[in-house]
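Please study the sequence and the three-dimensional model shown below. The exercises that follow are to be read alongside them.

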Amino acid sequence: MRRRRSPFPILLAVGCLVIMVIGFVSCSVQSFTTNDPKEVIEEFYKSEKEGEFGQSWELFHSEMKKKFKKSSYIQTKNHVFMGHMEVDTFDVEIGDLREINKWKFSKDGPSFKEVKAADVNLTFESQFGLLTITQTCYVAKDDGEWRVLWDYNF
């Protein structure tokens, strides 16, 4: 008579595999979502510099996501910077982070009480020569996480 094998080793292996996958996903998500405002700005522009506009879009505040659909943001960034300006990459210099007590996103948009801001210099070697664009990058909490905003209050 043949002895039946115990399913325990297989279940143990599957359980370990599931735990490893959950751990990996958790670490990946946690490294992508940070609670440090300066790191959020750095990660945003690192993704932009690498041409990973979908990743940078994920770091936008929900107010910014209302302004740009993900697909149109990716397409526009590629079109303008890679296409028209013929830029492969650019240099980024992020200034010191400063606190702003009250800031309005746009003329008709929301106001934020706790906001941080840093001036960001983007330097491009383009078909139009060496260009530097300075933009103030704002970060505010969105569902407990710091997220990127730009100024549309004009």
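Each exercise below gives a task and then a solution in steps.

**Conventions**

The model is predicted, so local features need pLDDT of at least 70, side-chain atom pairs count only at pLDDT 80 or more, and totals for chains, interfaces and linings use all residues. Residues are numbered from 1 along each chain as its sequence is written, and side-chain values use heavy atoms, with hydrogens and water left out.

**Exercise 1. The overall fold**

Task: State how many helices and strands the protein has, and give their order.

Solution.
Step 1. Helices (H or I, at least four residues) and strands (E, at least two) are DSSP runs, numbered from the N terminus.
Step 2. The protein has five helices and seven strands.
Step 3. Read from the N terminus, the order is α-α-α-α-α-β-β-β-β-β-β-β.
Step 4. Of the 154 residues in the protein, 31% are buried; buried means under 20% relative accessible area, exposed over 50%, and partly exposed in between (1.4 Å probe, protein chains only).

**Exercise 2. Strand pairing around β5**

Task: Determine which strands pair with β5 and in which sense.

Solution.
Step 1. Two strands pair if DSSP finds at least two bridges between them.
Step 2. Strand β1 (residues 90–94) pairs with β5 (residues 115–126) in the antiparallel sense over five bridges. Here E93 stands opposite N121 in β5.
Step 3. Strand β2 (residues 98–100) is antiparallel to β5 and is joined to it by three bridges. The bridge partner of E99 in β5 is K116.
Step 4. Strand β6 (residues 129–142) runs antiparallel to β5, with 12 bridges between them. In this pairing N121 stands opposite T134 in β6.
Step 5. The connection from β5 to β6 is a hairpin through two residues.

**Exercise 3. Aromatic rings**

Task: Classify the pair formed by W103 and F112, and state whether each residue is buried or exposed.

Solution.
Step 1. A pair of aromatic rings is described by the distance of the centres and the angle of the planes. Rings of Phe, Tyr and Trp (its six-membered ring) pair if their centres lie within 6.5 Å; planes under 30 degrees apart count as stacked, over 60 as edge-to-face and the rest as tilted.
Step 2. The structure holds 16 aromatic pairs. In the pair of W103 and F112, the centres are 6.1 Å apart and the planes differ by 25 degrees, and the pair is stacked.
Step 3. W103 has a relative accessible area of 9%, so W103 is buried. F112 is at 11% relative accessibility and therefore counts as buried.
Step 4. One aromatic cluster is formed by F44, Y45, F60, F68, Y73 and W150.

**Exercise 4. Charges over rings**

Task: Identify the rings over which K65 and K67 lie.

Solution.
Step 1. A charge sits over a ring if NZ of Lys or CZ of Arg is within 6 Å of the ring centre and within 35 degrees of the ring normal.
Step 2. K65 places its charged end over the ring of W57, 4.7 Å from the centre of that ring.
Step 3. K67 lies over the face of Y152, at 4.3 Å from the ring centre.

**Exercise 5. Two contrasting residues**

Task: Describe the surroundings of S56 and of K102.

Solution.
Step 1. Contact means heavy atoms within 4.5 Å.
Step 2. S56 is part of helix α3 (residues 53–58). Its relative accessibility is 0%, so S56 counts as buried.
Step 3. Apart from neighbours within four places in sequence, S56 is in contact with F44, S47, E48 and Y73.
Step 4. K102 belongs to the loop between β2 and β3 (103–104). At 65% relative accessibility, K102 counts as exposed.
Step 5. Not counting residues up to four places away in sequence, K102 touches S111, F112 and K113. K102 and V115 are 13 residues apart in sequence, with a C-alpha to C-alpha distance of 7.0 Å.

**Exercise 6. Backbone angles**

Task: Locate E86 and D143, and give the phi of each.

Solution.
Step 1. E86 is in the loop between α5 and β1. Although E86 is not a glycine, its phi is positive, about 55 degrees.
Step 2. D143 is in the loop between β6 and β7 (145–149). D143 is not a glycine, yet its phi is positive at about 55 degrees.
Step 3. With a relative accessible area of 78%, D143 is exposed.
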